[in-house]
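Colleague: Before I rely on this picture at the bench, I would like to ask how each label was reached.

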Amino acid sequence: MDFMLEEELIDLMTFCLQNPDSLEISDKHGRITEIGQELFADGGVDALENFSFVLKNRILEEIEKDPSPMRSLWNGLTDEWQY
C-alpha cells in the first residue's frame with residue numbers, strides 16, 4: 001500500500017509543481033492532505049518524515065523542483081509536524 005501512496009503523491013505533487021495556476025490545485029492539495037492523514041494514522045510522524053524524504057528526492061531528480069513547501073499540507077495532523 002505504501003508504494004501505491006508514494007506513487008500517487010509523486011503524481012499529485014509533480015502536477016502541482018508543474019501547473020501552479022491550474023484549477024485542479026485545490027483538489028490535488030486535498031488529496032495530498034488525505035494521504036497524509038492515512039500515513040500518520042498508520043505510522044505516525046516517522047511515516048510522514050520518511051515519505052517527505054523520498055518524495056523530495058524523487059521529485060527533485062525527475063523534474064528539478066522542490067516539493068518541500070507542500071509539507072505544510074500535513075500541518076495540523078499532530079503538534080510534532082509544523083512546516
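Colleague: What phi does Glu-64 take just after H2?
Modeller: Glu-64, just after H2, takes a positive phi of about 60°. Helices here are DSSP runs (H or I, at least four residues), numbered from the N terminus. The model is predicted, so to speak of local features a pLDDT of at least 70 is needed, side-chain atom pairs count only at pLDDT 80 or more, and totals for chains, interfaces and linings use all residues. Residues are numbered from 1 along each chain as its sequence is written, and side-chain values use heavy atoms, with hydrogens and water left out.

Colleague: What makes H2 fall short of a straight helix?
Modeller: H2 covers residues 25-63, and its end C-alpha atoms are only 18 Å apart, whereas a straight helix of 39 residues would reach 57 Å, the expected span being 1.5 Å times one less than the number of residues. H2 also has a kink of about 130° centred on Gly-43, a bend being the angle between axes fitted to the seven residues ending at a residue and the seven starting there.

Colleague: Why is Thr-14 called buried?
Modeller: Buried means under 20% relative accessible area (exposed is over 50%, partly exposed in between, with a 1.4 Å probe and protein chains only); Thr-14 has 14% relative accessibility, so Thr-14 counts as buried. Thr-14 lies in helix H1, residues 2-18, and, residues up to four places away in sequence not being counted, touches Ile-59 and Ile-63, where contact means heavy atoms within 4.5 Å.

Colleague: And why is Leu-12 called buried?
Modeller: The relative accessible area of Leu-12 is 9%, so Leu-12 is buried.

Terms used. Helix = DSSP H or I, 4+ residues; strand = E, 2+ residues; numbered from the N terminus.
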